[in-house]
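I opened my notebook to look up a few helices and surface patches. Here is what I worked from.

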Amino acid sequence: MEKLDACIRNHDREIEKMCNFHHQGFVDAITELLKVRADAEKLKVQVTDTNRRLQDAGKEVIAQTEEIIRCRVQQRNITTVVEKLQLCLPVLEMYSKLKEQMSVKRYYSALKTMEQLENLYLPRVSQYRFCQIMIENLPKLREEIKEISMSDLKDFLESIRKHSDRIGETAMKQAQQQKTFSTALQKQNNVNYGRNMHLGRNRILESKNEITLKRTFEDEDEHEEEVLTAQDLVDFSPVYRCLHIYSVLGDGEIFENYYRKQRRKQARLVLQPQSSMHETVEGYRRYFSQIVGFFVVEDHILHVTQGLVTRTYTDELWNMALSKIIAVLRTHSSYCNDPDLVLELKNLIVVFADTLQGYGFPVNRLFDLLFEIRDQYNETLLKKWSGLFRDIFEADNYSPIPVANEEEYRIVISKFPFQDPELDKQSFPKKLPMSQSVPQIYMQVKEFIYASLKFSESLHRSSTEIDDMLRKSTNLLLTRTLSSCLQNLIKKPHIGLTELVQIIINTTHLEQACKYLEDFISNITNISQLTVHTARLYGLSTFKDARHAAEGEIYTKLNQKIDEFIQIADYDWTMSESDGRASGYLMDLINFLRSTFQVFTHLPGKVAQTACMSACQHLSMSLMQMLLDSELKQISMGAIQQFNLDVIQCELFASSEPVPGFQGDTLQLAFIDLRQLLDLFMVWDWSTYLADYGQATSKYLRVNPSTALTLLENVFSPLLPAMEMSFAEFTEGTYRLYCYKILFL
């Protein structure tokens with residue numbers, strides 16, 4: 001502290017010295033300041049006044065300055081706003097454009113606009129709230145576009161499902177027109193085209209076929225000026241739009257799967273036939289039109305879009321459809337009994353196949369199916385012609401055709417190829433050997449060939465194959481239908497011997513006409529009969545079988561008639577002596593046989609001879625059965641004599657040669673059994689019979705011991721009661737040797 005105090009004292013002394021040193025200066029300064037005070041006061045007053053004046057003068061400047069500042073701030077803000085608006089206006093314009101595109105359903109363009117908004121415009125102004133609203137709305141708009149485009153696609157699918165038949169009908173009509181045009185060009189290039197298709201026929205089958213097809217595909221609007229293609233009938237924009245939209249959104253695969261799935265469902269609906277489809281051709285036409293319309297759309301989608309459908313997909317769909325179509329046609333066509341309907345169905349299938357073939361779909365299986373339908377068509381034709389044949393046979397009078405003059409003769413010859421030089425030499429009036437049914441049957445066979453030919457047209461088959469088809473179908477007509485009709489005709493009860501004879505004559509002429517039918521087919525197909533693969537008509541065997549059946553029926557009816565006469569025979573088996581003349585029933589029978597065999601003069605010789613021999617043999621057998629009837633218990637010698645007179649008349653009839661051509665006594669041999677048996681009893685030559693029995697030179701070689709014993713018992717049975725012995729005792733007694741041997745041989 002002492003040192004401190006000493007230090008302080010030292011500082012104080014230095015301060016005092018300093019003050020003393022500067023005191024005078026301080027005083028001078030104070031004095032100077034006092035002098036300056038007055039001037040300072042004046043200056044203060046002047047400054048204050050000047051400040052007041054400046055303040056008054058600066059108020060307006062300040063106001064102007066503040067206004068300038070405000071204006072510059074506004075100008076800066078305006079510039080900033082303009083700059084920001086220039087950034088926002090394109091966004092707003094694009095969004096407005098987006099709304100406009102949505103309103104006019106330009107969804108694909110709207111998606112492109114959205115993409116530009118998101119990638120280019122919105123990032124520039126993302127700090128603004130309205131941009132956030134836009135950003136939040138864009139996904140919703142995308143979903144809305146997807147829903148709207150999908151709704152349009154569903155409407156499109158529903159529309160083409162409803163109008164696929166119209167689309168298909170147009171496509172089939174155009175395909176047929178193109179085919180007709182190509183055919184016309186081919187005809188112009190080939191002068192001889194179809195020359196033999198109309199030989200011997202005034203009508204033109206092919207023209208009729210084309211007329212039928214034109215009628216089948218007649219346009220509903222007859223006054224339509226512009227012909228639209230099948231694709232022109234469909235607005236495919238919903239498909240393109242939806243495809244582009246889903247592709248842009250990255251859901252292209254989802255859309256493709258949905259589209260294919262829906263189209264497969266529609267394909268199944270299209271391929272599902274109506275239950276009554278087979279009743280009218282309209283049902284088939286609508287069915288085919290729907291299928292064609294479906295695949296025309298798919299083919300267009302395949303070629304216009306990129307990957308929506310593929311060739312593999314369409315091929316798979318077509319193969320599935322083709323299998324279903326073939327199954328449906330097999331089922332429904334089997335119900336068709338009208339050949340005209342089957343023919344129209346064939347024409348529809350051909351146009352259907354040609355149409356789809358034009359779009360690149362394989363149709364070989366359809367043409368294979370046509371061969372199956374051809375067999376069914378032939379079956380319906382055979383049924384139809386079976387009725388025609390029956391009607392012809394029912395209407396026939398089974399009498400030779402009378403011709404009064406040359407004109408009538410030529411009319412018959414124009415219908416049936418008949419040639420007979422001997423008949424040509426005869427003068428009019430005259431009769432042709434066949435009955436009216438022969439030319440009618442021949443013309444109907446030709447009509448059948450024409451009808452069968454109709455189906456073979458447009459099948460893309462060679463003339464050789466068509467020729468083979470015609471011959472096979474004609475063979476079926478002859479061997480099955482006509483043969484069956486003839487067989488049924490022959491078996492009918494009202495067909496008598498005269499009718500059977502005429503039937504045999506008719507079949508002979510029809511058999512001879514078969515070669516003309518072969519020439520007729522060759523002229524139609526322009527295929528020579530000398531060709532190795534050319535089939536032959538089986539008419540020869542058909543008519544031979546019919547003749548054999550008719551011949552057999554003649555034999556049967558003759559025998560039945562003989563049986564009828566035999567049934568009215570009224571023998572008195574106990575008569576004491578004969579009437580001296582043949583029985584009335586037998587003479588009537590012989591007269592009937594004579595007149596019948598006169599009718600047989602037109603038959604081939606062997607037929608008449610066989611009929612005559614069969615009748616004599618049956619008559620002989622019937623007389624033998626009558627003589628040896630088990631119910632017959634006694635026979636008098638008078639009855640045997642009467643029976644012998646009847647047999648003599650039979651032998652006289654046989655020797656009179658009722659049918660020429662028999663050699664020697666061939667016909668009399670039919671009664672040899674009866675003759676030897678009756679001679680044995682008439683002459684009572686039992687010793688000779690027993691002595692020669694079993695030898696080839698025996699006089700009674702044809703007499704059976706049991707037969708002789710039966711007749712012998714009936715002859716002696718009336719005597720046995722009076723003799724009080726049995727037949728066995730009688731044979732052991734009076735004729736013990738002869739009758740014993742007869743009994744036990």
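What should the 24 residues of helix α7 (residues 281-304) span at 1.5 Å a residue? I found 34 Å expected, and the end C-alpha atoms are 34 Å apart, which agrees. The expected span is 1.5 Å times one less than the number of residues. Helices are DSSP runs (H or I, at least four residues), numbered from the N terminus.

A note on the source: this is a predicted model, where local features need pLDDT of at least 70, side-chain atom pairs count only at pLDDT 80 or more, and totals for chains, interfaces and linings use all residues. Residues are numbered from 1 along each chain as its sequence is written, and side-chain values use heavy atoms, without hydrogens and water.

Next, I checked burial in α7. Of its 24 residues, 20 are buried (under 20% relative accessible area, 1.4 Å probe, protein chains only). So α7 is largely enclosed by the rest of the structure.

Then I turned to α20 (residues 637-655). Its 19 residues reach 26 Å from first C-alpha to last, close to the 27 Å expected. Its buried residues include Ile640, Phe643, Val647 and Phe653. Glu657 follows α20 and has a positive phi, near 55°.

Last, I looked at the surface. Phe26, Val27, Ile30, Leu33 and Leu34 make a nonpolar patch of about 460 Å². Patch residues have over 30% relative accessible area and no salt bridge (Lys or Arg side-chain nitrogen within 4 Å of an Asp or Glu carboxyl oxygen); nonpolar side chains are joined within 5 Å. Phe26 sits in helix α1 (residues 2-103). Phe26 counts as exposed (over 50%) because its relative accessibility is 53%.

Notes. Helices (H or I, at least four residues) and strands (E, at least two) are DSSP runs, numbered from the N terminus. Patches are made of residues with over 30% relative accessible area and no salt bridge: like charges are joined within 9 Å, nonpolar side chains (Val, Leu, Ile, Met, Phe, Trp, Tyr) within 5 Å. Accessible areas come from the Shrake-Rupley method with a 1.4 Å probe; for residues, only the protein chains shown count as cover.
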